[in-house]
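This report goes through selected features of one protein model, from strand pairing to side-chain contacts. The sequence and structure come first.

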Amino acid sequence: MAEVVRMPKMSDTMTEGVIAKWHKKVGDKVNSGDLVAEIETDKATMDFESYQEGTLLYIGPKEGEAVAIDAVIAVLGEPGEDFQALLSGDAPAAEKAPEKTEEKKTEEVSGPESSADTVTPEELGCTVITMPLLSDTMKEGVIAQWNFKVGDTIKSDDAIADVETDKATMEVTAYADGTLLYVGLEAGEAAKVNDIIAIVGPAGTDITPLLNQKSAPAKAETAEAPKADSAPAATAAPVPSTTSDDSRVKASPLARKIAKEKGINLSDIKGSADGGRIVKKDVESFVPTAAKTAETAAAAAPATETKAITLPTYVGEERYTEKPVNQMRKTIARRLAESLFTAPHFYLTVSIDMDNAMAARAQINEIAPVKVSFNDIVVKAVAVALKKHPAVNSSWQGDKIRFNEHTNIGVAMAVEDGLLVPVVRFADGKSLSHISAEVKDFAQKAKAKKLQPADWEGSTFTVSNLGMFGIDEFTSIINSPDGAILSVGAIQAVPVVKNGAVVPGNIMKVTLGCDHRVVDGATGAAFLQTLKALVENPVRLLA
């Protein structure tokens, strides 16, 4: 008996899936455990294995199409078995439509959108390559470079292009053998996730039907364009007359611009260039008649003791450079805006005496296999403090609050194009040397754009340090979905009061940014007290 195959829910946040690739076609025998398709979820592209056996009788969505959870995507059964009843709820509109008259049928056959003209990539033996989902926050990708050109032979494991995502530059694999027949966009251009970027198939294959289907809506819009433009053109035809028609006066573009800024009528200026053409110096040296009259009156008036000051004329040129926003900067803008305008932020600042920490670091670095920084000490202290204050190690989930029992500390790192936050996992259980080695490795990968999604996902708290830039104190926007973020300033040599006497000291200010939905003021203050005690007595981190 025939059975339907439905779109599975492959992640806790998945609402629909995209068929990235079918590994079976209608008529193929499918056994339990066979790879049927690759499905793009909101997290990653995953293999979909069949839990049923039979012959593949029907395939619903095509490659690149999105399907809602539990929707029918295929039917398995015995060869020749009638399965139409199973599709009654998912039948295409064309199947449900009433019979058309003979005249309408004739028109449909001759029309450009006739079903007879609909060609699938499978019928042509081609594979359509779409922009893959390369990170959980990716909305679109930019083609950094193509590694092949149209006409080249492609193997299934070839990286046909490098794509710049919001996190890093990653390779796109063809997953198909054949000839590169079509490239949808040039290097430097962006495409949304699941948009067609290339087609691979047998050499000489005519892919025009596929491209015509893709561009049909665009052509329809183009056909309407002249109608939309005709009205404005007719309206713009009559040009209103002005008091003095400057358009008939011979003048350089720069002279026109300066005259417009100064409110000078070009008709009043006498040009000094060939044919009486007005140039820049003519406009700058022009004195309006009203101004001349005023000067004459001033000359006739009795001289005063105050002497007029004449300033030289300076004309500057406004210049700027525009640069396209890259994927990383787009994502930073979107995610931080969402965090700031969604999570109610409040901030708490405390000063930490760093004398003991400085002495302890010097001793540690005498025997440590890698150099330990003050930031490493802060990361370790934060992880230990979070264990004692789990409310700060939490996140808002809408209808519930998640209290994380593990401490994954995100370390904000500035790179050329923006900001990345790799994660030191289970930092409370790692030594200072271990943390230092991980952070240094992340820094090298970040500069080389080699960080992978697994490196920056899963933080429960974030540390941002601008002390190395001499910043005394600052506030940060919370790295969602974390419930808090710590901003670390520079160590300052300042006078401090100890035992009733003013003595030299070293102070570092840290500011805790909290999401008030999960962290209250007293909770954040208690966390900072614990953190301050740990950093001021680093031996407690080694106990």
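## Strand 10 and its partners

Strand 10 and strand 12 (residues 159-164) are paired in the antiparallel sense, with 4 bridges between them. Within this pairing, valine 142 has glutamate 164 of strand 12 as its bridge partner. Strand 10 also pairs with strand 15 (residues 190-192), again in the antiparallel sense, over 3 bridges; here glycine 141 stands opposite alanine 191. Strand 10 itself covers residues 140-146 and is mostly covered, with 5 of its 7 residues buried. The model is a predicted one.

## A four-stranded open sheet

Strands 9, 16, 14 and 11 form an open sheet of 4 strands in the order 9-16-14-11, with antiparallel pairing. Strand 9 (127-130) and strand 11 (153-154) are at the edges; each has a single partner strand, so one side of each is left without a neighbour in the sheet.

The partner of strand 9 is strand 16 (residues 196-201), and the two are joined in the antiparallel sense over 4 bridges. Threonine 130 has isoleucine 196 of strand 16 as its bridge partner.

## Overall composition

The protein contains 14 helices and 26 strands. Of its 543 residues, 39% are buried. Among contacts between residues at least 6 apart in sequence, 59% join residues at least 24 apart. The exposed area is about 31400 Å², and carbon and sulfur atoms supply 54% of it.

## Helix 11

Helix 11 runs over residues 432-447, which is 16 residues. At 1.5 Å a residue the helix should span 22 Å, and the 23 Å between its end C-alpha atoms agrees with that. The buried residues of helix 11 are Leu432, Ser433, Ile435, Ser436, Glu438, Val439, Phe442 and Ala446. An α-helix has 3.6 residues a turn, so residues three or four places apart point the same way. After helix 11 comes lysine 449, which has a positive phi, near 60°.

## A nonpolar surface patch

Leu466, Met468, Phe469 and Ile471 make a nonpolar surface patch of about 400 Å². Methionine 468 is in the loop between strand 24 (461-465) and strand 25 (484-498). Its relative accessible area is 57%, so methionine 468 counts as exposed, the cut-off being over 50%.

## Salt bridges

The protein has 13 salt bridges. In one of them, aspartate 28 meets lysine 25, with 3.6 Å from N to O. Lysine 25 is exposed, at 55% relative accessible area.

Another salt bridge joins the side chains of aspartate 355 and lysine 498, at 2.7 Å from N to O. Aspartate 355 belongs to helix 9 (residues 355-367) and lysine 498 to strand 25, so this pair ties together parts that are 143 residues apart in sequence. Both are partly exposed: aspartate 355 has a relative accessible area of 23%, and lysine 498 has 30%. The side chains of glutamate 473 and lysine 509 also form a salt bridge, at 3.3 Å from N to O. Glutamate 473 lies in the loop between strand 24 and strand 25, while lysine 509 is in strand 26 (residues 501-515), so the pair ties together parts that are 36 residues apart in sequence. Glutamate 473 is partly exposed at 37%, as is lysine 509 at 27%. Asp353, Asp355 and Lys498 are joined into one network by salt bridges that share partners.

Definitions and conventions
Residues are numbered from 1 along each chain as its sequence is written. This is a predicted model: local features need pLDDT of at least 70, side-chain atom pairs count only at pLDDT 80 or more; totals for chains, interfaces and linings use all residues. Side-chain values use heavy atoms; hydrogens and water are left out. The expected span of a helix is 1.5 Å times one less than its number of residues. Buried means under 20% relative accessible area, exposed over 50%, partly exposed in between (1.4 Å probe, protein chains only). Two strands pair if DSSP finds at least two bridges between them. Patches are made of residues with over 30% relative accessible area and no salt bridge: like charges are joined within 9 Å, nonpolar side chains (Val, Leu, Ile, Met, Phe, Trp, Tyr) within 5 Å. Accessible areas come from the Shrake-Rupley method with a 1.4 Å probe; for residues, only the protein chains shown count as cover. A salt bridge is a side-chain nitrogen of Lys or Arg within 4 Å of a carboxyl oxygen of Asp or Glu. Contact means heavy atoms within 4.5 Å.
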